[in-house]
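This report looks at two helices and one annotated residue. Please keep the sequence and the structure in view while reading.

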Amino acid sequence: MALERTFSMIKPDATRRNITGKIVDKLESAGLRVVAQKRILMSKKTAEAFYAVHSERPFFQELTEFMSSGPVVVQVLEGENAIAKNREVMGATDPAKADPGTIRAEFAESIGENSVHGSDAPGTAKEEIAFFFSGSEITG
Ligand code: DAT
Ligand code: MG
C-alpha cells in the first residue's frame with residue numbers, strides 16, 4: 001500500500017500532564033512520521049465545528065467544553081496504512097477497553113478525556129487535515 005496521511009490530535013488532558021512527547025514517541029515507534037504539527041487552543045466554536053458529526057450525542061457539550069479547556073497538539077501523520085495504524089496505536093475509545101501498550105491504555109484518564117483523537121477513514125482524514133492545515137504547512 002502507498003504512503004497514507006491521517007490527522008491526529010493530542011488532547012488537553014495530555015498537554016496538561018506534559019506527556020505530549022511520550023505520545024509522539026508511541027506514534028513514531030509505530031512507524032508513523034509527524035509531517036506537520038502545531039500547538040493551539042481551540043475556541044468552543046472551533047471544537048463544535050470539528051466535532052459537528054457528534055452534535056446530537058448526549059456528550060457533545062462535555063466533549064466540546066473539554067476540547068476547548070486547554071491546548072491541543074494537531075498533527076498530520078504519514079506512513080504505510082497510517083489511518084488504521086494510528087487507530088491501532090491509539091487503542092479503544094474507552095481506556096478501560098484499550099489493549100495494553102496502546103496510548104489510551106497507558107495514558108488516558110477516562111472515556112471523555114482519552115488523550116488522543118485520530119481520523120477513522122480516508123474521507124475524514126482528508127477533511128480533518130484541511131480543517132487545521134494548509135498545504136504549505138505539511139512537509140514530508
Ligand atoms: P474516537 O475518539 O475513538 O474516534 P468517537 O468518535 O466515538 O471515539 O467519539 C469522539 C470522542 O467523544 C471520544 O474520543 C471521547 C468522546 N466520547 C465518546 N463517547 C463518549 C461517552 N460515552 N462519554 C463521554 N465522552 C465520549
Ligand atoms: Mg471518532
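## The annotated residue

Does His-117 count as buried or exposed? The model is a predicted one. In it, His-117 has a relative accessibility of 12%, and buried means under 20%, so His-117 counts as buried.

His-117 lies in strand β4. An unreviewed UniProt entry lists His-117 under "active site". Apart from neighbours within four places in sequence, the contacts of His-117 are Phe-7, Ser-8, Met-9, Lys-11, Phe-50, Tyr-51, Asn-86, Met-90 and Glu-128.

## Helix α5

Two of those contacts, Asn-86 and Met-90, are also among the buried residues of helix α5, which spans residues 82–90. The others buried in α5 are Ala-82, Ile-83 and Val-89. These residues are on the same side of α5 because they cover an arc of only 135 degrees around the axis. In general, an α-helix has 3.6 residues a turn, so residues three or four places apart point the same way.

The buried residues of α5 pack against three helices, α2 (20–29), α6 (103–107) and α7 (122–132), and against the strands β1 (3–10), β3 (72–80) and β4 (116–118). Just after α5 comes Gly-91, with a positive phi of about 90 degrees.

## Helix α2

In α2, Ile-23, Val-24, Lys-26 and Leu-27 are buried. Their arc around the axis is only 155 degrees, which puts them on the same side of α2. Lys-22 and Ser-29, on the other side of α2, are exposed.

Gly-31, just after α2, takes a positive phi of about 95 degrees.

Definitions and conventions: Residues are numbered from 1 along each chain as its sequence is written. Chains are lettered from A and ligands numbered from 1 in the order in which they are written. This is a predicted model: local features need pLDDT of at least 70, side-chain atom pairs count only at pLDDT 80 or more; totals for chains, interfaces and linings use all residues. Side-chain values use heavy atoms; hydrogens and water are left out. Buried means under 20% relative accessible area, exposed over 50%, partly exposed in between (1.4 Å probe, protein chains only). Helices (H or I, at least four residues) and strands (E, at least two) are DSSP runs, numbered from the N terminus. The arc is that of the directions from the helix axis to the C-beta atoms. Contact means heavy atoms within 4.5 Å. UniProt positions are given in the numbering used here, feature names are shortened, and annotations may be inferred rather than shown by experiment.
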